[in-house]
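Biologist: Before I plan anything at the bench, please take a close look at the pockets for me. Which residues form their walls, and where do those residues come from?

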Amino acid sequence: MPHSQPYSRSQRPLYEVKAGLFKGLSHPLRIRLLELLADGAEHTVAELQAQTGLEPSHLSQHLAVLRRHRLVESDRRASHVHYRLAHPEVAELLAVARRLLVDIVTTDGARLDDVAGLPALSR
């Protein structure tokens, strides 16, 4: 049986964008930043820094990755940069991921107490 391509040449860019989405989600601190933004409000870099404890340079790098993969948008107003989710579906994705996490740790039983200590998700 001949080997076939997993997707067509025209589909490749779409799968690359989708893979980029998951690359943007592939770090625990970026997920936490998205969770903070999932409340639907805009947050300044200072607010995000205060809530995460990240050094400004690390926070900036993570926000740049999230922007590059189109998960967040930003606007500069005066001396402050405001961030928000680029799409409300990102908050939905985070909620589904949280439910999946609860299911996995419930099955494992090992980290169930830790889940109860996670910050609440909006929506």
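Modeller: Helices here are DSSP runs (H or I, at least four residues), numbered from the N terminus. The model is predicted, so local features need pLDDT of at least 70 and side-chain atom pairs pLDDT 80 or more, while totals for chains, interfaces and linings use all residues. Residues are numbered from 1 along each chain as its sequence is written, and side-chain values use heavy atoms, without hydrogens or water.

A pocket is an open set of points on a 1 Å grid over the protein atoms alone, where a 1.4 Å probe fits, with protein on both sides within 12 Å along at least five of seven lines; lining residues have an atom within 4 Å of a point. The second largest pocket holds about 150 Å³, and Val17, Leu21, His69, Arg70, Leu71, His87, Glu89, Val90 and Leu93 form its lining. Helix 1 (12-24) and helix 5 are the elements that each contribute two or more residues to this lining, and the largest share, 3 residues, is that of helix 5. By class, the lining of the second largest pocket has 5 nonpolar, 2 polar and 2 charged residues.

The largest pocket encloses about 340 Å³, and its lining consists of Phe22, Leu25, Ile31, Arg32, Glu35, Leu93, Leu94, Ala97, Arg98, Leu101 and Leu118. Here helix 2 and helix 5 (89-108) are the elements that give two or more residues, with helix 5 giving the most, 5 residues. Leu93 thus appears in the linings of both pockets.

How values were computed:
Points joined across faces, edges and corners; volume = space filled by probe spheres on them. Nonpolar A, V, L, I, M, F, W, Y, C, P; charged D, E, K, R; others polar.
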